[in-house]
Amino acid sequence: MRFPPLLLLLSSAFQCEAASLQINEVAYKGSSNTCNGEDWIELISTSSEDLLNYTLHDDKGKHDDKAKYFSESTIINAGEYLVLCRNVDFDFGIGSDDVVTLLDNNGEIISEVMLLGSSEENQTFAFFDGEDTTEEGEYQYTSMPTPGQQNVYVEPKPLEVKLAEQNEEGEDFFLEGEDDTVIFEKVVDIHVQLSNESLATIVNHPSWEEFVPFVDVAVSNPSDTTSILSSAGTGKIRTKGQSTLMFTACLGLQNVPFQIEFDKPFMGMEVIYLRNHLIDSSFMRDYASHFMLRRFGLPYLRSRPVRLYMNGEYVGFYTLLEAPTQGYVMQRSFGVFNPEDTALYKVKSQIAQCPVTDPAAIAGKSDEPPNPYYFDRGDHRAGVPPFIEGESVLERLDTCGSYFFGELAKEGADLTQGILHYNNSCGEAFVSLGRVDRDYGPKSTEEAMINFVDSLMLNKDIKSFIDADQWIKNFAAYAVTLNQDSIIDLVNNLYLGTVDNGGSWSIVQYDHNSIASRAGREFCGAECQHRMI
């Protein structure tokens, strides 16, 4: 059965007595034969209600431009269900750890649902009154989606089993399988198919870092490019990076770095990074770093070399990394976890400038905060400087250096304004502005991260906030590999993870393209400096 938008179905059953109108079921991965496979949200009412001037939003809030505002009268009679389809009735996408909120015409919360992490295909997060489950009056995952009907509880596969299986699905791709049959060669070809309009956005505006949709991502072996080994289907792709993006684009090279997100897991992976090898003449620093981290017993990411093609045209040679922001990677890194207490935050650049103490900077606080902030992704960001006729390679490198550091200065200036508008409250500023960005886990973990950042920025004793042994091992790995582009020097390129709601934070390393390089040779004695690549 296929449901039309704003579908109303009558039923004599009521799911909830606590509220006359509530969110009854959420499908963040969609479900078969409903809303064309897109996300959907089901409301239920025990009395006649009009949704005029109501708002439905995700964790980005009611002011987000993708929040659903009911500008027209929409009646739900007593006992009726209302099924809302993404891309038809609302625009925001629902994440695995999202919060979906329904506000009345006075802006008061009517119903709110916090998803608890990854689910299987054709699983929904639904409300049950206790008759079908052991939990009375709570939301539960069920393996039987029931859009427009009474919720039915079918116990889903335990999360830890699902995540273990998801991890195993990638073993052959990352050449870890025990089977003697080799499907994938040591280097594989990645074929991305997307519209000409989407490709033009990537090519002409790499600095925007905006997602565009793709039609398919397929994998083949270089020895037989006509035989597709696996196909992902639809998803979205964007450019990703800082120096590796800006310098590559400025130099006129095609192989800018990318982030790819699949609509459905592809060989277990939901998100991957394609890392180029700017300043990595070895073409293997990311691979070698994560290989070592794995041997050290620290969180690591699986990787493999790939060649990228877009619409049939060769783009470049990359290292493919699975993203750390996935449930199965979190379980592999930290063991079985409770989704409500587990989160991963990315620590972005320039956070060391908080608190702002320079009198001139404080005096320069603007009346209103920047909107948008320059460090946010979007078309407000400056484009790549045009090439000048007769410009030499050295001159172009100088131009690109000025462009890169100029962009950093703009980001830093706006970050200073943001910190001042949060009254120098470093934790609140960084988390709210996404400079310490929650990439996995529920919003409820943000308070713990704010407290940790405040302690870190104010030079308080942080031993009670961290897994000290794990941090020491990471610092040793940073030191051995001369990784100056990290927390030990630039305070950059790491994630912080917790599985106990901030009781203890652990390091997850990321971005190793400058290890053991001349950029960090001052950390090495004279006897080894000449061996840097």
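A disulfide joins C354 to C426, with 2.0 Å from S to S; the term is used here for a pair of cysteine sulfur atoms within 2.5 Å. In general terms, a disulfide is a covalent bond between the sulfur atoms of two cysteines. The model you are looking at is predicted, so local features are described where pLDDT is at least 70 and side-chain atom pairs where it is 80 or more, while totals for chains, interfaces and linings use all residues. Residues are numbered from 1 along each chain as its sequence is written, and side-chain values use heavy atoms, with hydrogens and water left out.

Back to C354 and C426. The torsion about their S-S bond is about -95°, so this disulfide is left-handed. It links distant parts of the chain, 72 residues apart: C354 sits in the loop between β22 and α6, and C426 belongs to helix α8 (residues 426-433). The names of such elements come from DSSP runs, numbered from the N terminus, where helices are H or I runs of at least four residues and strands are E runs of at least two. Both ends of the bond can be checked for burial. C354 is buried, with a relative accessible area of 4%, and C426 is buried too, at 3%. Here buried means under 20% relative accessible area, exposed means over 50%, and partly exposed lies in between, using a 1.4 Å probe and protein chains only.

Stay at C354 for a moment and step along to its neighbour. A cis peptide bond joins C354 and P355, with omega about 0°. P355 is placed in the loop between β22 (343-347) and α6 (359-363). A cis peptide bond also joins N371 and P372, again with omega about 0°. To find P372, look in the loop between α6 and α7 (393-421).

How many disulfides does a search of the whole structure find? The search finds three. One of them is formed by C250 and C400, whose sulfur atoms are 2.1 Å apart. With -90° about the S-S bond, this link is left-handed. It connects helix α3, which holds C250, with helix α7, which holds C400, across 150 residues of chain. C250 and C400 are both buried.

The two helices joined in this way also pack against each other. Two packed helices are described by the angle between their axes and the distance between the axes. For α3 (residues 243-250) and α7, the angle is about 140° and the axes are 9 Å apart. The axes are lines fitted to C-alpha atoms, for helices over the stretch in contact, and angles run from 0 to 180 degrees between N-to-C directions. The crossing of α3 past α7 is right-handed; that means the near helix is turned clockwise from the far one by less than a right angle, while an anticlockwise turn would make it left-handed.

Which residues of α3 meet α7? They are S243, M246, F247 and C250, and on the α7 side they meet R396, L397, C400, G401, Y403, F404 and E407. Contact here means heavy atoms within 4.5 Å. The residues of this contact divide into seven nonpolar, two polar and two charged. In that count, Ala, Val, Leu, Ile, Met, Phe, Trp, Tyr, Cys and Pro are nonpolar, Asp, Glu, Lys and Arg are charged, and the others, Gly among them, are polar.

E407 leads us on to R381, since E407 is among the residues that R381 touches. R381 lies in the loop between α6 and α7, and at 7% relative accessibility it counts as buried. Leaving aside residues up to four places away in sequence, R381 touches S207, W208, Y374, F375, D376, E407 and E411. Its side chain reaches the backbone oxygen of S207 at 3.3 Å.

Now look at E209, in the loop between α2 (196-204) and β14 (212-214). Its phi is near 55°, a positive value in a residue other than glycine. E209 is buried, with a relative accessible area of 13%. N36 also has a phi near 55°, but N36 is exposed, at 59%. You will find N36 in the loop between β2 (21-27) and β3 (40-45).

That brings us to C35, joined by a disulfide to C85 with 2.0 Å from S to S. The torsion about this S-S bond is about -60°, so the disulfide is left-handed. C35 lies in the loop between β2 and β3 and C85 in strand β8 (residues 80-85), so the pair ties together parts that are 50 residues apart in sequence. Both C35 and C85 are buried.

Definitions and conventions: Polar contact = N/O pair within 3.5 Å; in protein donor to acceptor, adjacent residues only side chain to side chain.
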